[in-house]
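Me: Please give me a close look at one part of this model, the strand pairing. Then connect that part to what surrounds it.

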Amino acid sequence: MNLDVSIFKSGTPVVEPDILNLFNDSIISVEYFYLVEVKVMQLKQDVEVLFHFIGDRRGRIYEGYRPAHMVKEGYLTTGVHTYYNINTDSNEIRGGIIFLSPEDYPACLWIGKKIEMYEGKEIIGYATITRIFNSILENEEIDIISMKRNKIGIGDS
């Protein structure tokens, strides 16, 4: 099955449930083993991050949560969250994000970049990039500059 990704190019889409089901079906395969249904994720994380949630949003997150992410100025995209330590009391949680259509916003991320997360027009927190697994997203020039700054202490306060 081919999913028409053009509906996602403008950022976070407003889609009918049937279209969302098509997206979900394209990233999840269902396998039958002795008549037991097992769901297997086919996509890998694009980035590993440190999530920071603002206000009471922290208490309402769940595995597979999909807020919008400001990956570059003026460009919101949906990302599916996974959490490594969701049961912590901290507002900061380590985890990963699988972004929708990363080929549409290449070279926009680097280690240390903070990206805002939204529900509608409300900022619900941010994610600080700690690792980039999808090379399409990595802006190597900025990453090299930030590593040099960290190494010599520029910008430290």
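Reply: Two strands count as paired if DSSP finds at least two bridges between them. The model is a predicted one. With that rule, begin at histidine 69.

Histidine 69 stands opposite methionine 117 in S7. Histidine 69 also stands opposite threonine 77, and that residue is in S5. The pairings behind these two contacts can be taken in turn. S4 covers residues 68-72 and is joined to S5 by four bridges. The two strands run antiparallel. S4 also pairs with S7, again in the antiparallel sense, over two bridges.

Stay with S4 and S5 for the turn. They make a hairpin, with two residues between the strands. Glycine 74 is in that turn, and its phi is positive, about 75°. On either side of the turn, a charge meets a ring. Lysine 72 lies over the face of tyrosine 75. The distance to the ring centre is 5.6 Å.

Now move from S7 to S8. These strands pair in the antiparallel sense, and six bridges hold the pairing. Tyrosine 118 stands opposite isoleucine 123, a residue of S8. S7 and S8 form a hairpin too, with two residues between the strands. Here glycine 120 has the positive phi, near 65°.

S8 continues the chain of pairings to S3. Seven bridges link S3 and S8, in the antiparallel sense. Valine 47 has isoleucine 132 in S8 as its bridge partner. Valine 47 is worth a longer stop. Neighbours within four places in sequence are left aside here, and its contacts are then as follows. There are Gly95, Gly96, Ile97 and Phe99. Leu109 is another contact. Ile129, Arg131, Ile132 and Phe133 complete the list.

Side chains come next. In a regular strand they alternate between the two faces of the sheet. The largest nonpolar core has 22 residues. Val47, Phe51, Phe53, Ile97, Phe99 and Leu109 touch the most other members. Several strands feed this core with at least two residues each: S3 (47-53), S5 (75-83), S6 (92-99), S7 (114-119) and S8 (122-132). Thus the strands named in the pairings above recur here, among them S3, S5, S7 and S8.

Aromatic rings add detail. There are six aromatic pairs. One of them joins phenylalanine 99 and tyrosine 105. Their ring centres lie 6.4 Å apart, with 90° between the planes, an edge-to-face arrangement. Both residues are buried. Phe51, Phe53 and Tyr83 form one aromatic cluster. Phe51 and Phe53 are also among the core residues with the most contacts to other members.

The loop between S6 and S7 deserves attention for its backbone. Serine 101 is in that loop. Its phi is positive, about 50°, although serine 101 is not a glycine. Is serine 101 buried or exposed? Serine 101 counts as buried because its relative accessibility is 9%, and the cut-off for buried is under 20%. Alanine 107 is found in the loop between S6 and S7 as well. Alanine 107 is not a glycine either, yet its phi is positive, near 55°. At 36% relative accessibility, alanine 107 counts as partly exposed.

Beyond the strands, look at helix H2. H2 spans residues 140-152 and contains isoleucine 142. With a relative accessible area of 31%, isoleucine 142 is partly exposed. Lysine 113 is 29 residues away from isoleucine 142 along the chain. Their C-alpha atoms are separated by 9.7 Å.

Finally, set the part in the whole chain. The protein chain has two helices and eight strands. From the N terminus the order is α-β-β-β-β-β-β-β-β-α. Of its 157 residues, 35% count as buried. The accessible surface comes to about 10000 Å², and 53% of that belongs to carbon and sulfur atoms. Now take the contacts between residues at least 6 apart in sequence: 58% of them join residues at least 24 apart. One bridge from S3 to S8, valine 47 with isoleucine 132, shows such a link in detail.

How values were computed. Residues numbered from 1 in each chain as written. Predicted model: local features only at pLDDT ≥ 70, side-chain atom pairs only at ≥ 80, totals over all residues. Heavy atoms only, no water. Buried < 20%, exposed > 50% of the residue type's maximum accessible area, 1.4 Å probe, protein only. Contact = heavy atoms within 4.5 Å. Areas by Shrake-Rupley, 256 points an atom, 1.4 Å probe, with all protein chains shown as cover. Core = buried A, V, L, I, M, F, W, Y, C linked by side-chain atoms within 4.5 Å. Phe/Tyr/Trp six-rings, centres within 6.5 Å; stacked < 30°, edge-to-face > 60°. Lys NZ or Arg CZ within 6 Å of the ring centre and 35° of its normal.
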